[in-house]
Amino acid sequence: MKGTMIVMNLAVTILQVLCSLALVAIVMLQSGKSAGLSGAISGAADTFLSKNKAKSVDAKLAKMTKWVAILWVVLTLALCVL
């Protein structure tokens, strides 16, 4: 009984670490809200299609961030219960 709890605790801990790394990576992949000076200089290079593509990728990353964060919270609560 105690051995299975240790294995389950270890498995949930490993999943939480992987989820944490994924969450950090997803957040780092998202673009900032303001383009800054580089956006002002290369603003003419942006086309309508590239702007829509960036928004769709950012929308997918935002949705992934939300679901991975929810999973991380659930795993954290599971570790507290175990």
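**Figure 1. Contacts of Gln16 in the predicted model.** Leaving aside neighbours within four places in sequence, Gln16 is in contact with Trp72, Leu75, Thr76 and Leu79. The model shown here, as in every figure below, is predicted. Gln16 lies in helix 1, which covers residues 2-29. With a relative accessibility of 14%, Gln16 counts as buried, because buried means under 20%. Its side chain makes a polar contact with the side chain of Thr76, at 2.5 Å. Thr76 is thus listed for Gln16 both as a contact and as a polar partner.

**Figure 2. Surroundings of Thr65 in helix 3.** Thr65 belongs to helix 3, residues 48-81. Residues up to four places away in sequence not counted, Thr65 touches Leu23, Ile26, Val27 and Gln30. The side chains of Thr65 and Gln30 make a polar contact at 2.6 Å. The relative accessible area of Thr65 is 17%, so this residue is classed as buried, the limit being under 20%.

**Figure 3. Nonpolar surface patch that includes Leu18.** The patch is formed by Leu10, Ile14, Leu15, Val17, Leu18 and Leu21. Together these residues have about 570 Å² of accessible area. Leu18, one of the patch residues, is found in helix 1. For the protein as a whole, the exposed area is about 6,600 Å², and carbon and sulfur atoms supply 76% of that area.

**Figure 4. Cys19 and Cys80.** The relative accessible area of Cys19 is 6%; Cys19 is therefore buried, as the value is under 20%. Cys80 has a relative accessibility of 64% and counts as exposed, because exposed means over 50%. The structure holds zero disulfides.

**Figure 5. Val81 and Asn9.** Val81 lies in helix 3. At a relative accessible area of 72%, Val81 is exposed, since the value is over 50%. Val81 and Asn9 are 72 residues apart along the chain, and their C-alpha atoms are separated by 9.8 Å.

**Figure 6. Overview of the helices and contacts.** The secondary structure consists of three helices and zero strands. Along the sequence the pattern reads α-α-α. Of the contacts with a separation of 6 or more, 100% are between residues 24 or more positions apart. The contacts of Gln16 with Trp72, Leu75, Thr76 and Leu79 are shown in the first view, and those of Thr65 with Leu23, Ile26, Val27 and Gln30 in the second. The protein has 82 residues, and buried residues make up 11% of them. Among the buried residues are Gln16, Cys19 and Thr65.

Notes
Residues numbered from 1 in each chain as written. Predicted model: local features only at pLDDT ≥ 70, side-chain atom pairs only at ≥ 80, totals over all residues. Heavy atoms only, no water. Disulfide = S-S within 2.5 Å. Buried < 20%, exposed > 50% of the residue type's maximum accessible area, 1.4 Å probe, protein only. Helix = DSSP H or I, 4+ residues; strand = E, 2+ residues; numbered from the N terminus. Contact = heavy atoms within 4.5 Å. Areas by Shrake-Rupley, 256 points an atom, 1.4 Å probe, with all protein chains shown as cover. Patch = residues over 30% accessible without salt bridge, like charges linked within 9 Å, V, L, I, M, F, W, Y side chains within 5 Å. Salt bridge = Lys/Arg side-chain N within 4 Å of Asp/Glu carboxyl O. Polar contact = N/O pair within 3.5 Å; in protein donor to acceptor, adjacent residues only side chain to side chain.
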